[in-house]
Every structure is written in structure tokens, then in C-alpha cells.
Amino acid sequence: MMAALEEWSDHTDISVDDIKPFLRTGFPWHEPEKAHPELSLPGAWWNHMEGFFRTVFEKLGIDRRGAQHLARRTHEIYIDEKRYQIFPGTIETLGRLKESGWVNVILSNHVPELPDMVNRLGLSGVIEKCFISALIGDEKPNIMAFRYVLDALRHPDTCVMGGDNIRADIEGADRAGILPILLHTPATDGTVRCCRTIAEVADQLQDIGG
């Protein structure tokens with residue numbers, strides 16, 4: 001949203017700190033206890049979110065026409081893969097895991113375009129499938145999001161979830177009977193498997209078994 005504002009006006013006095021309070025609610029994953037099947041219809045997710053962004057811009061003092069433009073531009077910026085960076089060693093590590101028999105999939109609270117973004121980022125050779133909350137209608141840590149993936153994968157004997165969010169990734173996976181590994185985030189206790197980098201994941205999975 002800030003990038004859209006900066007493109008729109010070189011003299012905006014709105015800051016990131018002005019925007020942040022409005023973003024504590026409004027995304028479907030802010031209410032993961034609720035299913036959102038109506039948003040998984042074509043175009044529905046972004047119709048909802050662009051409306052939300054437009055309202056936020058209006059609350060920040062932008063006129064309706066400007067707010068509509070900025071909401072659409074926010075959408076375009078959000079899905080621009082050139083604004084994303086892959087952690088070092090990601091493709092190499094996922095390639096090692098694939099070669100050793102693991103099936104790599106993504107489960108993410110994200111936008112409908114994420115599968116295409118993953119492809120454009122060069123991950124298609126090491127990722128089998130993307131499961132996106134915007135497309136399945138459930139968000140992590142809702143157990144239904146994890147069950148959707150398990151059903152699609154025909155309930156493998158061993159399933160591991162790597163993620164950096166304690167609540168959405170670690171606690172959600174654990175409730176679904178999936179072994180969680182915390183990435184890039186310090187653990188609050190010693191009960192959770194942790195990896196400082198994704199390159200360490202492959203080493204841990206050798207002990208778990210594919």
C-alpha cells in the first residue's frame with residue numbers, strides 16, 4: 001500500500017505507521033476460525049480485498065477515485081514476483097528433498113495468484129503443488145486447511161510442516177497431526193524442532209525418514 005502511495009504522489013504525508021493500525025483486521029486470515037468459501041470463487045477474493053484497501057485509503061484521507069486507483073495498484077504490486085526474494089538455499093534444499101523421495105507442497109495464507117508467482121520465481125521444478133487459503137476457503141491455523149492438504153495428498157505416513165509462524169504453522173500443524181519445524185524464528189521453548197535456515201531442514205528430515 002505504501003509503494004502504491006509513493007507512486008501516486010511524491011509528496012504524500014502518509015507513512016507506514018499511519019497504515020499499519022488499519023491492517024490488524026480485514027484479511028481473511030485474521031479470522032481463521034471462520035471458513036470463507038465465498039471468497040474462493042473466481043475474482044471474489046480480490047474484489048473483497050480491493051474493497052478493503054479502498055476503505056483504508058479513504059480513511060487515510062484519499063478521495064474515492066484516488067482510493068480506487070490505489071487499491072487496484074496495491075493488488076498489482078502485491079502479486080509482482082520481482083518484489084519477493086527466495087531465502088538462500090531454498091531451491092537447492094527442496095531439490096535435495098525431492099531427490100530423496102519427499103513431495104514438496106506449499107500451504108500458505110496468501111493470494112490466489114501465488115501458484116503463478118511460485119512458478120515465476122523458479123520454484124516449479126521443486127514444488128509439486130500449492131494449496132492457497134484464498135482458493136480453498138480456509139486459513140491456517142484452522143485444522144480444515146491442513147486436512148484439505150492431507151486429503152489431497154492421500155494422507156501420507158509421514159508429513160512435515162515447515163514455517164515461521166508459531167500459531168499458524170507450528171500450532172496448526174501439530175493439531176492436525178503433522179510434525180512441525182520452525183524456520184527462521186526463535187523457539188519459545190525446547191519442545192519444537194527448529195532450523196535457523198532452510199538448508200538445515202534436509203538434515204533433520206534424514207532422521208525422520210521419507
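Helix H1 (2–8), H2 (16–19) and helix H4 (64–78) each supply at least two residues of the lining of the second largest pocket. Helices here are DSSP runs of type H or I with at least four residues, strands are E runs of at least two, and both are numbered from the N terminus. H4 gives the largest share of this lining, three residues. A pocket is an open set of points on a 1 Å grid over the protein atoms alone, where a 1.4 Å probe fits and protein lies on both sides within 12 Å along at least five of seven lines; lining residues have an atom within 4 Å of a point.

The model is predicted: local features need pLDDT of at least 70 and side-chain atom pairs pLDDT 80 or more, while totals for chains, interfaces and linings use all residues. Residues are numbered from 1 along each chain as its sequence is written, and side-chain values use heavy atoms, without hydrogens and water.

The two pockets compare as follows.

| Pocket | Volume | Lining by class | Closest to the centre |
|---|---|---|---|
| Largest | about 1,700 Å³ | 33 nonpolar, 13 polar, four charged | Val-105, Ile-106, Leu-107, Gly-162 and Gly-163 |
| Second largest | about 290 Å³ | eleven nonpolar, two polar, two charged | Met-1, Met-2, Leu-23, Thr-74 and Tyr-78 |

A volume is the space filled by probe spheres set on grid points, which are joined across faces, edges and corners. Ala, Val, Leu, Ile, Met, Phe, Trp, Tyr, Cys and Pro count as nonpolar, Asp, Glu, Lys and Arg as charged, and the others, Gly among them, as polar. Elements that each supply at least two residues to the lining of the largest pocket include strand E1 (105–108), strand E3 (160–163) and helix H10 (199–208).

Tyr-78 also belongs to one aromatic cluster with Phe-27, Trp-29, Trp-45, Trp-46, Phe-52 and Phe-53. Rings of Phe, Tyr and Trp (its six-membered ring) pair if their centres lie within 6.5 Å; planes under 30 degrees apart are stacked, over 60 edge-to-face, and the rest tilted. The count by this rule is nine aromatic pairs. In one edge-to-face pair, Phe-27 and Phe-52 are 5.9 Å apart centre to centre, with 70° between the planes. Phe-27 lies in the loop between H2 and helix H3 (44–59), and Phe-52 in H3, so the pair ties together parts 25 residues apart in sequence. Phe-27 and Phe-52 are both buried, that is, under 20% relative accessible area with a 1.4 Å probe, protein chains only. The ring centres of Phe-52 and Phe-53 are 5.8 Å apart and the planes stand at 50°, so this pair is tilted.

Conventions. Buried < 20%, exposed > 50% of the residue type's maximum accessible area, 1.4 Å probe, protein only.
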